[in-house]
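Please look through the structure shown here. Some questions and answers follow it.

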Amino acid sequence: MRHTYVAGTATTTFGRHPDKTLIDLAVEAGEMAIADSGLERSEIDAVYFGNFLGRGIDGQGVIASLLALRLGLAGVATTNVEGACGSAGIALRHGVLSVAAGAATATLCIGAEHMTRPGTQAITKLLTEAGEMATDGAAGLTFPGFFGLVANAHAARYGSTRDDLAAVVMQNRACAVANPNAMFRETVSADQIASGKLIADPLRLLDCSPISDGAAAVVVTDWAHATSSRNGAVRVLACEQTSGPVGIRHMETLTSFPATVTAAQRAYKSAGLGPRDIDVVELHDCFSITELVNVADLGFFAHGEAHTAIAEGLTTNGSPGVVVNPSGGLLGRGHPVGATGLAQVHEVVGQLRGTAANQLPAAHVGMAHNLGGAGATATVTILGAA
Ligand SMILES: CC(C)(COP(=O)(O)OP(=O)(O)OC[C@H]1O[C@@H](n2cnc3c(N)ncnc32)[C@H](O)[C@@H]1OP(=O)(O)O)[C@@H](O)C(=O)NCCC(=O)NCCS
């Protein structure tokens, strides 16, 4: 297999885009990523498009082919990828594998979602399809509901508190202030979090990622072509994808997602690295509780210690260990579900290039972790300076 590189990345602003369509946003991100890569369009052989809700909302299939036409890439191989909130991470993995196998010189991976138009009730129903519809969906379990159960299980098993959840929210919202593409640009206080409306006990409004519109894109290529990158290429050290239980009846525990654990183990093995080598991670904080679970599943802290470590500020920029979600994460940047995995990569690449809004003093190795559904899919990508 050939070594692969990220030559270009881009993200639109995340938030509400009433005047743009899903395809408009995806094309915007794709154009910017191609420009950032410095590649000619004729050097791009394939488009992988990550998206979850587009078909349900707009009734449109084969979106990757529509994107190729709009992007001046007519005739290239086009593939639509769906893995719920993990769709973009999976699109990236396909783009990486195609280049690694020598089947493509360069691939354009795009993730996008336009979620704000149908309203919260309709979106909540569509998001439920990322769980097991015959059981959990039929019982009326929503995604906030599922992660409320996770928060209760975590509190019972490890003693995490509402204050620990609030610490995650305050940290991620504080990071988003400097991120020009983030949906929320204001800090929030403990009082604001505590007085937010109850969504799914114990999760309140600000514990939840928002319903958002946005797109992100990444160009992957080999070393010979990566040198054209306008802002510097970054090496893909590992890009792993796994699956896990879809419904609660198949889960051994609610306080860990096996798909993440396995994807991380495989990624560390392929990169020849361990958790202590990671300077920065963009991880899937779809709810505050999910960050507590993920930092442990990715190997950065023991399960019973993660909530204390975060509350003590051990994952903030300037701390000696791994820095978590300097972009603001899903809680601050926003979570247009099909775009998130590639927006995470955009931030990690920015950190390695030295151009991120909340730039770490020294970032040599970074990780992106994208989760789909209630742990039904996971991708873990490790990137390093070229
Ligand atoms: C939490 C949630 C139910 C709130 O939706 P809602 O009750 O309809 O909220 P509204 O749209 O009425 O918004 C009310 C206000 O709260 C804000 N808001 C909405 N969701 C928010 C969120 N998640 N975080 C912070 N603020 C939020 C809105 O911007 C709005 O502010 P404004 O009055 O200043 O304009 C919704 O954001 C949600 O479902 N989030 C989770 C999405 C999800 O499950 N994603 C997949 C993860 S696996």
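The questions below concern the domains, the core, one loop residue and the ligand site.

Q: What kind of model is this, and from what number are residues counted along each chain?
A: This is a predicted model in which local features need pLDDT of at least 70 and side-chain atom pairs count only at pLDDT 80 or more, while totals for chains, interfaces and linings use all residues. Side-chain values use heavy atoms, with hydrogens and water left out, and residues are numbered along each chain as its sequence is written, from 1.

Q: How far apart do the C-alpha centres of domain 1 and domain 2 lie?
A: The assignment gives domain 1 (4-118 + 212-233) and domain 2 (140-210 + 235-385); such bounds come from an automatic or database domain assignment. Between the C-alpha centres of domain 1 and domain 2 the distance is 23 Å.

Q: Where does the largest nonpolar core lie with respect to domain 1 and domain 2?
A: A nonpolar core is a set of buried Ala, Val, Leu, Ile, Met, Phe, Trp, Tyr and Cys residues joined through side-chain atoms within 4.5 Å. The largest one has 59 residues, of which Phe 147, Ile 289, Phe 300 and Met 367 touch the most other members. Because domain 1 and domain 2 both give residues to this core, its place is between them.

Q: Is His 17 buried or exposed?
A: His 17 sits in the loop between strand 1 (4-11) and helix 1 (22-37), where helices (H or I, at least four residues) and strands (E, at least two) are DSSP runs numbered from the N terminus. Buried means under 20% relative accessible area, exposed over 50%, and partly exposed in between (1.4 Å probe, protein chains only). His 17 has 12% relative accessibility and therefore counts as buried.

Q: Which residues does His 17 contact, leaving aside neighbours within four places in sequence?
A: Contact means heavy atoms within 4.5 Å. With those neighbours left aside, the residues in contact with His 17 are Leu 25, His 114, Arg 117 and Asp 213.

Q: Which residue has a side-chain N or O atom 2.5 Å from an oxygen atom of the ligand?
A: The ligand is surrounded by 17 residues, and the closest are Thr 120, Lys 197, Cys 208, Ser 209 and Pro 210; a residue is near a molecule if one of its heavy atoms lies within 4 Å of it. A backbone N or O atom of Ser 209 is 2.9 Å from a nitrogen atom of the ligand. The side-chain N or O atom 2.5 Å from a ligand oxygen atom belongs to Lys 197.

Note on methods: Polar contact = N/O pair within 3.5 Å; in protein donor to acceptor, adjacent residues only side chain to side chain.
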